[in-house]
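This briefing goes through a protein model with its ligands, its metal ions and its internal spaces. Keep the structure in view while reading the points.

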Amino acid sequence: MNFVTTWWGRVERPLQKSGAGRLPVILCAALVGVVAGLGQFGSPVEDMLRSARNLARSHDASGQVVIIALDDKSLTGVQKWPWPRRYHAKLVDNLTAMGARRIFFDIEFSSNSNAKDDAILAGALARSKTEVTLANLLAFDPVTGTQTNTFPIPEFRRHARQATINLGYEEDGSVWKIPYGVKMDGTFYPSFAASLAGSSIQEEQYFRLDHAIRPESIPSVSAIDVLDKSAPVASIAGKDVVIGAASMQLADIFNAPGHGLISGVYLHAIAAETLMKGRPTELSWLLMLSLAALMMTLASSFLRGFRMLAGYCVVPIAILAGATILEHFLIVPAVLPALLTSAIGILIQSVLLLRQRMAERASVNPISGLPNLKAFRDTAPFVTDYVIVARVHNFTKIVASLPDDCEKELVRQIAARLSVGRGDSPVFQSDDGTFITLFARSDSVEDHASALHNLFREPVTFGPTRFDLIVTLGVDGEVERPLTRRLADALNAADEAFGKGLKWKMAVAEGVEDTEWHLSLLGQLDEAIERKHMWVAYQPKLDLASGRLCGAEALVRWAHPKRGNISPIEFIQAAEQSGRIDRLTAFVMDDAIGAAAALAARGTFIDMSVNLSARMLGDDGLVAMVSGLLHTHRFPPERLILEITETAAIDASRLAQLTRLRELGVGLSIDDYGTGLSTLEYLKCIPATEIKIDGSFVQNLSTSMSDRLMVSSTINLAHALGRRVVAEGVEDPASLEALSTMQCDEAQGYYIGRPMPLRQLYRALARHERRQAA
Ligand code: C2E
Ligand code: CA
Ligand code: CA
């Protein structure tokens, strides 16, 4: 699975495919490239690309081959065409005199002119000290399929070499290639180019011209200037000269790709210049395509998302750049199938990315950026975590009264609270002020839900403005059920909690839920106490300085004959809200003080802690009840500690009650310390003797730096204010050790002892005392 980490946590990214998942895309793109390559569909485009690369590589000829141009100036100079052959004779004479290295005639002398002129030219050829090469041609008629061999007339042939002026034409008449030579009547004649370049290749194969050579850079001298010897000798001396038609009037013109129409003689010169540099080789399109596919595979193995797309985009650039460099070394690749492959790869990848982006957007709340309900549904169908739903009932109202840009901040504050202690699972948001999160299964989900609810009691703040959140929670732990069902159940539970005035509620799978049960719950409370279904468990507390079990906390238990054990969280809230908490408190306090007094009578002196719901502080009879019970059991008040959780709900009159209790001599403890946001203030003004650090901070002591800081600074602060500190929820020796180092006064938790029946507490205390004594 792929995860991304955002400010709200880790979110699964099922859409983000791995590199291996891109292989079909590359194969599909390569297939299109192969089809195009085999079908030669793009050859005009391929040629265009080649011309573009040639333009980029454009360079000058060596200058070794000089053209003696039968240009317009020469034509007007002689006034006759074809030139009488005595002029050609004079050209041979003059070029020889000027020191030409070799003379090539790109002119057909295949038939006789008049006897006198032919004799003059034959004479010139015969006496020329410079080697003269005449043109022959293998003419091919594509319509009739007939071949005609055209040779110079025998009188000339005798005194000269021969080379062929055959060119290779593409369908559009352009000349990309010419042959190394042709075979006529059993003899191999090299091409002009091969002869000029001194190539020894005796093959009829065609080679590709380097059209990056600029035709303008091939030196050219007007034939008339040679005739009247006005041409500078330096332009001829030591050079190979090719005499040829260079006038548009003479119709010896061809389409040279990238250069437009040029005279045939220039093509021979370009071809010669090409061969002078080496033997051009062609590189198969399949090789280039494979290279492109390989690069794309590499990109998809190492890159993701838009980077992968960028990687794909580099491929055609690399192919083109590579081709240009190769062509410098006369290695000429066909790149179109490779380009097509990469283009299709880019296209498909873009579409996939776009779709992914859209899907991601559909999974995110546009305002807060939190993953939404769809994202929640898209996570695994079954999870072993609790589903916790927080319904903020006045969400819309708060949003409506806030400026536009504050909604995100509101959500951030809510999500931050929901994130406390939930590991790295994200907070999901649905539109109506419902937030969902997962909580790793452990036996303290009740604690977690209560702690979360406590966090929500603190108002959200926007500068000086504060809003109280009305929140209820729904928790679902039915792991065998599909997630979507569980979400619905948790939502129901949250709504029911609201309807019943509870902080939170555990979801009950549909069909099992019995609404009657809740209605009758309160009715059964009194009966439960009478029938002894209600009993008190005691959890021991350890004094860290002396290593002695110094106290116990009374925790009420309801063993329901039909329902099994009911969590105190569930029925205490109900009792609080229905005003029956006084009966329950009296029951627990009587049991607890009685138990501690009985222990004292046996010589074991421990402190007894009893939880006191904040609502009880509104009860005027509270102080009388406490002092009455202390009196009845003859228990010293300073050994009784009352734990108060809902410090936020304490107003002036309740504060007065606390002060009165304190005046009795009874100890006061701030329970679940750390879960409310401004407990510091309360710490100052409540006349407490002790604070109890919430288990959620203690449980992560060994792993969380911030929890360690929070706990140690709380201990220091409390000590400075003269309060004792108890840490609850100690589950392992490491935490105990850490607390001890931090000078915490007392510890409570499963590691020291679980809540247990009184009998068991007696035994535990006795065992401990024996061990202490030994
Ligand atoms: P609390 O006062 O914070 O009590 C501590 C809770 O943490 C108890 O849950 C206890 O069983 C549990 N606990 C103790 N050690 C550990 C530990 O090491 N790890 C974990 N994960 N949990 C530990 P319990 O008994 O379910 O009580 C839940 C809450 O119900 C109490 O929270 C308290 O707020 C309320 N409660 C229980 N008895 C009474 C009572 O007689 N009167 C009132 N008003 N509230 C009570
Ligand atoms: Ca408590
Ligand atoms: Ca507590």
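A residue counts as near a molecule if one of its heavy atoms lies within 4 Å of it. The model discussed here is predicted. By that cut-off, 23 residues surround ligand 1. Two calcium ions, ligand 2 and ligand 3, lie 4.1 Å apart, and three cavities of 30 Å³ or more are found.

**The shell around ligand 1**

- The closest residues to ligand 1 are Gln539, Arg557, Asp671, Glu731 and Tyr750.
- By class, the shell holds nine nonpolar, seven polar and seven charged residues.
- Arg557 has a side-chain N or O atom 2.7 Å from an oxygen atom of ligand 1.
- For Asn611, a polar side-chain atom is 3.1 Å from an oxygen atom of ligand 1, and for Glu553 the corresponding distance is 3.3 Å.
- On its own, ligand 1 exposes 790 Å², and the protein buries 89% of that.
- Strand S26 (548-560), helix H19 (568-577) and strand S30 (667-673) are the elements that give two or more residues to this shell.
- Strand S26 contributes the most, with four residues.

**The calcium ion that is ligand 2**

- Which residues coordinate the calcium ion (ligand 2)? They are Glu553 (OE), Asn611 (OD1), Glu643 (OE) and Asp671 (OD), at 2.1 to 2.3 Å.
- Along the chain, these donor residues follow the spacing E-x57-N-x31-E-x27-D.
- Glu553 lies in strand S26 and Asp671 in strand S30, so this pair ties together parts that are 118 residues apart in sequence.
- Two of these donor residues, Glu553 and Asn611, have appeared above: each has a polar side-chain atom by an oxygen atom of ligand 1, at 3.3 Å for Glu553 and 3.1 Å for Asn611.

**The calcium ion that is ligand 3**

- The protein donors of the calcium ion (ligand 3) are Asp671 (OD), Asp672 (OD) and Glu728 (OE), with Glu728 (OE) listed twice.
- These donors lie 2.0 to 2.7 Å from the ion.
- Their spacing in sequence is D-D-x55-E.
- Distant parts of the chain are linked here as well: Asp671 is in strand S30, while Glu728 is in the loop between strand S32 (724-727) and helix H26 (733-741), 57 residues away.
- Which residue coordinates both calcium ions? Asp671 does, bridging ligand 2 and ligand 3.

**The second largest cavity**

- Rolling a probe the size of a water molecule over the atoms shows where empty space is left.
- The second largest cavity contains about 100 Å³ of space.
- It is lined by 13 residues, and those closest to its centre are Arg57, Arg208, Leu209, Asp210 and Val332.
- Helix H2 (residues 43-57) gives the most to this lining, with three residues.
- Sorted by class, the lining has five nonpolar, three polar and five charged residues.

**Backbone in the loop between H3 and H4**

- Most residues other than glycine have a negative phi, and most peptide bonds are trans.
- Gln79 is not a glycine, but has a positive phi of about 70°.
- The peptide bond from Trp81 to Pro82 is cis, with omega near -10°.
- Where does Pro82 lie? Pro82 is in the loop between helix H3 (72-78) and helix H4 (85-97), and Gln79 is in the loop between H3 and H4 too.

Conventions: Residues numbered from 1 in each chain as written. Chains lettered and ligands numbered in written order. Predicted model: local features only at pLDDT ≥ 70, side-chain atom pairs only at ≥ 80, totals over all residues. Heavy atoms only, no water. 1 Å grid on protein atoms, 1.4 Å probe; cavity = no way out; pocket = protein on both sides within 12 Å on 5 of 7 lines; lining within 4 Å. Points joined across faces, edges and corners; volume = space filled by probe spheres on them. Nonpolar A, V, L, I, M, F, W, Y, C, P; charged D, E, K, R; others polar. Polar contact = N/O pair within 3.5 Å; in protein donor to acceptor, adjacent residues only side chain to side chain. Areas by Shrake-Rupley, 256 points an atom, 1.4 Å probe, with all protein chains shown as cover. Donors = N, O, S within 2.8 Å, 3.2 Å for Na, K, Ca; no water.
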